[in-house]
Amino acid sequence: MPANPELTAARDLVYQGVGRNVLQFQRLELLLKRLLAWHQSTYTPETLEEDLTKRLEAQDKKTLGMLAGDLFTKVILKARPVGPADNAPPDLLSIRFGITTSEAATHEVWQAQLKALVEERNQLVHTSLLNWDLDTHEGCQAILTELDAQRERIRIEWENAKRCHEAFIQGLEQMHEDLTNGNMERFTVQDTET
């Protein structure tokens, strides 16, 4: 039986949509790895860059689910983080970056949204082709609609993580400027409220 060119084209669009979403999930995962790698650190001015690189490498093997869980226990917090980085010797500089949500409900909603997105990612990667109707044009259209909606949810979470990352980078830049200028009294716990 010859292939239906319209159905083949519709399937190709589905496969492209899957590829786009997988790439967007990977982009989100990389951003979460940076946030978690760099949210706290102890270093000397000479070892800052090396320490940040090592912390990023330590996140490499973590799954998106692990990263999402860690994000809400280490970076996005219900209460303001206080004090130096964990296990920081008193003679070294340390940073701790956290974002305090204004309400516990906000924290829980954001955490639930990211957890649901992780489940969507796992379903997309591991089981979607088993459950999708790729044998009809209508089935392919329904999948494309679902993929478009999913891509929007990924974009929203990526934007949330990007705002956190940008706040962290601004804090690092300010800290570097203060160190360069010898202005040590400005150092306080970095806190951003959402």
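Start with the whole chain: its secondary structure comes to six helices and four strands. The model is predicted. Trace the cartoon along the sequence and you should read the pattern α-β-α-α-β-β-α-α-α-β.

Stay with the full view for a moment. The chain has 194 residues, and 37% of them count as buried. Show the surface next. The accessible area is about 11,600 Å², with 53% belonging to carbon and sulfur atoms. Now think about contacts. Among those with a separation of 6 or more, 74% join residues 24 or more positions apart.

**Stop 1: H1 and H3**

Select residues 5-38, which form helix H1, and residues 64-75, which form helix H3. Two packed helices are described by the angle between their axes and the distance between the axes. Here the axes come within 10 Å and cross at roughly 40°. That angle makes H1 oblique to H3, because it falls outside the roughly parallel range, which covers angles under 35 degrees. The crossing of H1 past H3 is left-handed.

Show the side chains that make this contact. On H1, pick Phe25, Glu29, Leu32, Lys33, Leu35 and Leu36. On H3, pick Leu64, Leu67, Ala68, Asp70, Leu71, Lys74 and Val75. Colour them by class. You should find nine nonpolar residues, four charged ones and no polar ones.

**Stop 2: lysine 33**

Keep H1 on screen and centre on lysine 33, which is found in this helix. Is lysine 33 buried or exposed? Lysine 33 is buried, with a relative accessible area of 9%; the cut-off for buried is under 20%. Which residues is it in contact with, leaving aside neighbours within four places in sequence? They are Leu56, Gln59, Asp60, Lys62 and Leu67. Leu67 also appears on the H3 side of the contact with H1.

**Stop 3: H1 and H6**

Hide H3 and bring up helix H6, residues 137-181. The axes of H1 and H6 come within 9 Å and cross at roughly 20°. The two helices are therefore roughly parallel to each other. This crossing, too, is left-handed. By class, the contact of H1 with H6 has 21 nonpolar, six polar and eight charged residues.

**Stop 4: glutamine 150**

Move along H6 to glutamine 150, which has its place in that helix. Its relative accessible area is 7%, so glutamine 150 is buried. Select what glutamine 150 touches, not counting residues up to four places away in sequence: Asn21, Phe25, Glu120 and Leu124. Phe25 is one you have already met, as part of the H1 contact with H3.

**Stop 5: lysine 115**

Now select residues 104-126, helix H4, and find lysine 115 there. What is its relative accessible area? The value is 55%, so lysine 115 counts as exposed; the cut-off for exposed is over 50%. Draw a distance from its C-alpha atom to that of glycine 69. The two residues lie 46 apart along the chain, yet these atoms are separated by 7.8 Å.

**Stop 6: serine 102**

Finish in the loop between strand S3 (93-100) and H4, where serine 102 is found. Serine 102 counts as partly exposed, at 44% relative accessibility. Draw one last distance, from C-alpha to C-alpha, between serine 102 and lysine 78. The separation is 7.6 Å, for residues 24 apart along the chain.

Technical notes:
Residues numbered from 1 in each chain as written. Predicted model: local features only at pLDDT ≥ 70, side-chain atom pairs only at ≥ 80, totals over all residues. Heavy atoms only, no water. Axes fitted to C-alpha atoms, helices over the stretch in contact; angles between N-to-C directions. Parallel < 35°, antiparallel > 145°, perpendicular 65-115°, else oblique. Left-handed = near helix turned anticlockwise from the far one by under 90°. Contact = heavy atoms within 4.5 Å. Nonpolar A, V, L, I, M, F, W, Y, C, P; charged D, E, K, R; others polar. Buried < 20%, exposed > 50% of the residue type's maximum accessible area, 1.4 Å probe, protein only. Areas by Shrake-Rupley, 256 points an atom, 1.4 Å probe, with all protein chains shown as cover.
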